[in-house]
Amino acid sequence: MPPTRDSGRRRPTQRPDTAPQLPCDQPGCNRWFRNLSGLTKHKHTTHLSFSHPHQSFPDHGELLGSSGEEDPVADTTPMLPEHAFDDYQAEVPLDPEHEDMRAEYVGSSGRLYRNYHPGLNARRCDARGQFLPANAPPPPRAEKALDDWTPYHNRLEFELADFLFTHAEMPARKIDTLLDIWAASLIGLGGQPLFTNHTDLYCVIDSTRVGDVKWDNFTIRYTGEEQGSERAPWMSDSYEVWYRDPCEVIHGILASSEFTDKLDLVPYREYDVSSDQRRWQDFMSGDWAWAQADRILHDDPMTAGATLVPIILGSDKTTVSVATGQTDYYPLYLSIGNVRNTLRRVHRNAVVLIAFLAMPKTTREHANTPAFRKFKRQLFHSSLTHILSSISRPMKVPEVVLFGDNYYRRVIYSLAAYIADYEEQVLLSCIVRNWCPKCLGHRDNLDEGALRRSREHCDTIIKEFELRQAWDSYGIVGDVVPFTNDFPRADIHEMLSLDILHQLIKGGFKDHLVEWVERYLIHVHGRVEAEKILDEIDWRIAAVAPFTGLRRFPQGRHFKQWTGDDSKGLMKVYIAAIEGLVPKDMVCTFRAFLEFCYLVRRNVITEQTLTEIDGALRRFHLFREVFRNAGVIESFSLPRQHAMKHYHYLIRQFGAPNGLCSSITESKHIKAVKRPYRRTNRFQALGQILLINQRLDKLTAACADFAGRGMLNGTCLSQAFEVLGLGTDETHDQRHSIEECANAAGDSEERTASYEEESGEVIDDQMAVDAHVSLAHRYQHARARNVGALATELGVLDLAHLLRHFLQSQLYPNDLRNPEDIPYQECPVYEGRIRVYNSACSTFFAPSDLSGIHGMRHEHIRSCPMWRNAGPRFDCIFIVTDPQAEGMRGLDVAHVLCFFLFKYQGTFYPCAVIHWFDRVGEGPDEATGMWIVRPGYRMRNLRNIAVVHIDTIYRAAHLIPVYATHNIDSRDIKPHCSYDMFHSFYVNKYADHHAFEIAF
């Protein structure tokens, strides 16, 4: 797909007002214009677009509200506040000719610049909607006192309530028991606990005003014609939907002080200064936001100066209980495109539960009837229309909303994106299963080039063709109206976003490629021999060395309940496990697919990345033919795999896909549905889930409010010490012991069929450097105390000489000689005490992985004689050896044998004893795409051991044995001895997304 030209690209330098800045983006047109009005006029006169007249469709008349008097999807949009737009119509709209495109450098290094949309530019205004001068202070507001903890009496009350309800999730009976014990302990002192009982606690939480968005409900029932003489049971049932006003939810997000500096209020295009390459990251950097702003301004120039708020929806059924009966819920979530991807991925109340949709059920006799299937579709779309009805008017006329920076702005909404898996996309887009919801490719050959679907095209097809012909030829369900038809500028086919989890990880990888490998082995070798080969693959996977964030499969892959995390974990190690057991082209197929997955998962995608994505997709389509040629698969017309063709276009539209993946809603299920369900008594649980969520939202909003006023700095204990004028060393010790207890609890968690060996931690610190390594807080008292003892423990007899060479390089950095070439007698001597550590912590910038809101993440690098009572664990690391080179040409791999610290001439030296690995070949392996390394040796077959400063360590590395070159029975290998039993390894660039970005 050729890249579209970006109109209005501008570097942040002063341009003459007469210079044309806006090119026409129509293919083949080379006209440029000085302003938006000239460009718009040119498009309307020169580039006419064909459109069809409004088409009427079957309405929602068969669905009637519980009142029996009016349709629940009727226009019930509330009127705007009377003061919102006084004199609005009288105000002169902004003239695009006088609105220069704003351009500015961004980032600490100034290597990027942005062009901001000149029309919808988020101008500040007062509460009446009147625009303010650029330097005007925010409108005056009643400031809360710094000791105002309303409705709580003090910090202790709030933190206790938050701890018991949010973090401990303590049941009411246990809360009462705890408070009774507390009260008994205070009787002799004449004191009382902070709360009397759980009822008192809940009443205080319920009286919190911030974050208070009430739940409401409506009921729908079938009122259409009966089919046949007997009335089906579902026709008599009523279906209840619970929801919250999406406008109020959005107001809460925009007004949160937690998000003040984390929202993008103006559509923008970002470029690299050195290459002028376009970059896509957060939602507002995509072409959709820019084009939507243009469309809004064209439809109503009076909206100039407003703030575009793209609405992102997501829904998916989830099961909360199977053992006690199938209990399912159908939650609907909302977020806004102004929220940045890293913030949406870690939730932080930027993804909000707004509804529980109805799930009609009936008897087996009627479950597959056309009437019931049609009713379910209509019920779904009618419910969405009613839930979202309050945003219909603000999609046309801006409303005034208060933001977290205490300024008001005019806000106009647009339905932007919908996060859903394929089954949900079929329902949303009203298409037939096995068709593509994004394009018109025929279901028998989806990958054949086809035009994109659109609302106008579907309307025309339904108007011109019979329902059966629309079904068979275009895959359109013509008797159901998408909910987007009830809202301006909304097109469900445009809204459907990419879904890395279900389209690529669960679909393309696990359900397709892994399954095809098994079919191939059975087809070629027969079932008996194939089972032996599959067992060998399982043993190879189980023998992989541990690594932070790596999911382990100690019993292989043969367990029934697969999760998304299981599929992600298998992706990281599968290609090395099958190498040598299947044809090379199959390995190349996996390589191309994995590279595609890891490229689209990047936090920032450039034009160069899009070129690499297209290349990976072409190679995947080329190499996957090996499965068809082997007779494993007849057709590649698979909707989830076909979706890969749309990634290039949709990345340009919506930014990086990791901000719109269904993994966001899947993980939100846990917090908003599954964990609240476990806190209920299971009787009419939905009402209890709603109440729990409402209280959680209030506590979260109160926490953000108090933190924004600086009232939650430190801890309760440290604040008490500060008030009393005491030191805080005790506080540090207590916190450290608490962390150790938490780690111990994590180590003792129950193992399942697959489990994560050790998860990395997300941190919300600002990025200061790309990577930093520090030793653990406490050293090991039971390990070596001097260099001689450590040499004996590690079996490195020349450790003292290596340490002298290390000191030589540290004390004389300008000495151009190789320290190893200097006689050790000339090097400094150290014979003092040392401290040995079992781990170090690497903190690095990895926004493509699960990280904090600033993209920072840290992981532990282990080097300990015993890990979780299973055996020793000595991790591998990347060491920066050439900062000017890229990828593996600037990095070397080493095996950590020990971390230790010593003090020499008043300076502390944190060090690592490492065993160097040598690269094999001048580039990565052709089939797997991974570099191969092997343990390094000196003369006389001595290991290449060195002592290095931990500042040279970048982060942990993961190695997988090259199984095909070893005659070793994999079933006898334990993970902790994997690095010792093989003599060549792949540098696993698929271990995580950050490794993929550096180990190329």
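This is a short talk on the strands, helices and a few odd spots in one protein chain.

Okay, hi everyone. One thing up front: what you see above is a predicted model. So let's start with the overall picture. The chain has 1000 residues, and 54% of them are buried. Its secondary structure comes to 28 helices and 34 strands. If you look at contacts between residues with a separation of 6 or more, 69% of them join residues 24 or more positions apart. The accessible surface is about 45900 Å², and carbon and sulfur atoms account for 50% of that.

Now, let's zoom in on strand 17. Is strand 17 enclosed by the rest of the structure or left open? It covers residues 408-419, and 12 of the 12 are buried, so the strand is largely enclosed by the rest of the structure.

Who pairs with it? Strand 11, residues 307-315, runs parallel to strand 17, with eight bridges between them. In that pairing, leucine 313 sits opposite tyrosine 418. Then there's strand 16, residues 399-402, which is antiparallel to strand 17 and shares four bridges with it. There, leucine 402 has tyrosine 408 as its bridge partner. Tyrosine 408 turns up again with strand 6, because it stands opposite cysteine 125. Strand 6, residues 124-125, is antiparallel to strand 17, and two bridges join them. Strands 16 and 17 also make a hairpin, with five residues in between. In that turn, asparagine 406 has a positive phi of about 75°.

Next stop, a sheet. Five strands make an open sheet, in the order 4-5-9-10-19, with antiparallel pairing. Strand 4 (102-106) and strand 19 (605-606) are at the edges with a single partner strand each, so one side of each has no neighbour in the sheet. Further in, strand 5 (residues 112-116) and strand 9 (residues 268-272) run antiparallel and are joined by five bridges. One of the pairs there is tyrosine 113 with tyrosine 271 in strand 9. And what lies across strand 5, strand 9 and strand 10? That's helix 6, residues 287-299, running at about 140° to strand 9.

Now for the odd spots in the backbone. Most residues other than glycine have a negative phi, and most peptide bonds are trans. Here are some that go the other way. The peptide bond from threonine 150 to proline 151 is cis, with omega near 5°. You'll find proline 151 in the loop between strand 6 and helix 2 (155-167).

Then we have two arginines. Arginine 489 has a positive phi, near 60°, and it lies in the loop between helix 12 (467-474) and helix 13 (492-495). Arginine 682 has a positive phi too, of about 75°, and its loop is the one between helix 21 (662-678) and helix 22 (685-708). Which category does each fall into, buried or partly exposed? Arginine 489 has a relative accessible area of 13%, under the 20% cut-off, so it counts as buried. Arginine 682 comes in at 44%, so it is partly exposed.

Last thing: the surface. Val723, Leu724 and Leu726 form a nonpolar patch there, and together they have about 340 Å² of accessible area. Leucine 724 belongs to helix 23, residues 716-724. With a relative accessible area of 63%, leucine 724 counts as exposed.

That's my tour, thanks for listening!

Definitions and conventions. Residues are numbered from 1 along each chain as its sequence is written. This is a predicted model: local features need pLDDT of at least 70, side-chain atom pairs count only at pLDDT 80 or more; totals for chains, interfaces and linings use all residues. Side-chain values use heavy atoms; hydrogens and water are left out. Patches are made of residues with over 30% relative accessible area and no salt bridge: like charges are joined within 9 Å, nonpolar side chains (Val, Leu, Ile, Met, Phe, Trp, Tyr) within 5 Å. Accessible areas come from the Shrake-Rupley method with a 1.4 Å probe; for residues, only the protein chains shown count as cover. A salt bridge is a side-chain nitrogen of Lys or Arg within 4 Å of a carboxyl oxygen of Asp or Glu. Buried means under 20% relative accessible area, exposed over 50%, partly exposed in between (1.4 Å probe, protein chains only). Two strands pair if DSSP finds at least two bridges between them. Contact means heavy atoms within 4.5 Å. Axes are lines fitted to C-alpha atoms, for helices over the stretch in contact, and angles run from 0 to 180 degrees between N-to-C directions.
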